[in-house]
Amino acid sequence: MPDVIKFYEPKDDYGFLSNFSLHPIVIDGVAWQSIEHYYQASKFLAADIIARIHHAETPQDAFKLSREYNKQVRPDWGQIKESVMKRGLRCKFNQHHQLGHWLVATEKILLVEHSYTDAYWGDGGDGHGLNRLGELLMEVREELQNKHPYKLIRYVDSAQLPTHLGEFTMHGFVQLDSNQDHVVLSYGEIDTTKPVLVRLHSECLTGDALFSLRCDCGFQLLKALEMIVANGSGVLLYLRQEGRGIGLLNKIRAYHLQDQGADTVEANEQLGFAADMREYHFCEGMLHYLGVDKVRLMTNNPRKMQSLCIAGINVVEREPLQEGHNPYNDNYLATKAKRLGHLFKEPVCS
């Protein structure tokens with residue numbers, strides 16, 4: 001990460017910080033095409049001038065229009081302009097969740113509006129300016145960093161992930177209370193006005209990558225991705241919680257105990273762990289990044305549904321995901337049903 005982030009043009013890196021970026025905001029029930037529209041219109045009391053700026057085609061046009069009425073700027077503008085700007089910034093980064101997470105992701109880096117023509121809001125081009133826009137952005141950033149659900153996770157970056165099923169977008173996050181990294185795969189255009197098809201999938205190296213038949217994890221992972229692609233859109237949260245949260249090496253120890261006759265719950269307990277150590281509260285932050293609050297959840301695990309509901313995610317529907325039953329995982333699946341309460345639409349015992 002850089003020591004300083006300089007921004008100005010919306011098309012540049014970190015252009016989302018610019019007031020000219022086309023991210024509409026709603027303030028007091030009025031929709032504005034950008035912060036620039038809102039800020040420039042707020043300089044005036046005359047309704048006809050406000051209306052002209054409000055309907056300006058671009059942020060640049062809004063800026064130019066306000067200059068035509070310099071003599072009609074409200075007399076208290078010098079006293080209120082910073083509070084107007086900060087209100088606009090708060091609305092922008094609270095109403096556009098991804099922008100809020102991008103802003104928080106800059107952590108403690110100095111933010112500077114690199115403007116050669118503005119020494120008040122910007123740095124004046126050579127650093128002599130007050131950089132008040134950068135300062136206010138950093139104040140809003142601090143507010144968000146201490147606000148739920150931004151304080152659950154930190155967004156890192158996104159990249160394209162082509163697969164044999166289709167092209168997904170991969171988003172990386174860090175869980176802040178454990179410093180564990182997690183990944184979200186999104187596919188297609190996510191319509192957040194409708195329940196989104198979602199899978200919470202806990203990492204299983206043996207099943208997902210090594211094709212183990214001892215569990216159904218790898219089969220469920222593939223099926224979930226296939227269902228998302230067939231649906232045209234959806235989200236899979238890949239959670240780094242190996243072995244129901246006990247870790248890979250302890251999972252191998254648990255496998256050894258299972259080889260000697262213990263079921264999966266007994267093996268975990270003999271090692272001193274709970275039957276299921278996984279947590280899901282932080283998933284709210286990753287779904288929040290995508291703007292998702294209503295889901296069709298692909299799961300057989302009622303605990304996942306309960307955890308999302310507690311986090312304020314509306315689980316509208318459960319999509320069963322019974323896949324990969326074979327002679328090697330018969331007892332594993334039976335234990336899931338009998339001891340962990342997993343919901344299967346058909347019997348799992350042969």
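Here is a quick look at three spots in this structure: a surface patch, a histidine and a glutamine. Keep in mind that this is a predicted model.

**The nonpolar patch**

Let's start on the outside. Leu-205, Leu-210, Leu-248, Leu-249 and Ile-252 come together as a nonpolar patch on the surface, and their accessible area adds up to about 460 Å². Helix H9, which runs over residues 248-259, supplies the largest share of that patch, with 3 residues. Ile-252 sits in helix H9. Ile-252 counts as partly exposed because its relative accessibility is 49%, and the partly exposed class ends at 50%.

**A buried histidine**

Next up is His-342, found in the segment after helix H13 (330-339). With a relative accessibility of 11%, His-342 counts as buried. Who are its partners? Setting aside neighbours within four places in sequence, His-342 is in contact with Asn-300, Asn-301, Pro-302, Lys-336 and Ala-337.

**A buried glutamine**

Gln-40 belongs to helix H1, residues 35-41. Is Gln-40 buried or exposed? Its relative accessible area is 2%, so Gln-40 is buried. The side chain of Gln-40 also makes polar contacts with other side chains, and here they are:

| Side chain | Partner side chain | Distance |
|---|---|---|
| Gln-40 | Lys-43 | 2.8 Å |
| Gln-40 | Ser-66 | 2.7 Å |

Ser-66 turns up again in the wider list: leaving out neighbours within four places in sequence, Gln-40 is in contact with Ile-53, Ala-62, Phe-63, Ser-66 and Arg-67.

How values were computed
Residues numbered from 1 in each chain as written. Predicted model: local features only at pLDDT ≥ 70, side-chain atom pairs only at ≥ 80, totals over all residues. Heavy atoms only, no water. Patch = residues over 30% accessible without salt bridge, like charges linked within 9 Å, V, L, I, M, F, W, Y side chains within 5 Å. Areas by Shrake-Rupley, 256 points an atom, 1.4 Å probe, with all protein chains shown as cover. Salt bridge = Lys/Arg side-chain N within 4 Å of Asp/Glu carboxyl O. Helix = DSSP H or I, 4+ residues; strand = E, 2+ residues; numbered from the N terminus. Buried < 20%, exposed > 50% of the residue type's maximum accessible area, 1.4 Å probe, protein only. Contact = heavy atoms within 4.5 Å. Polar contact = N/O pair within 3.5 Å; in protein donor to acceptor, adjacent residues only side chain to side chain.
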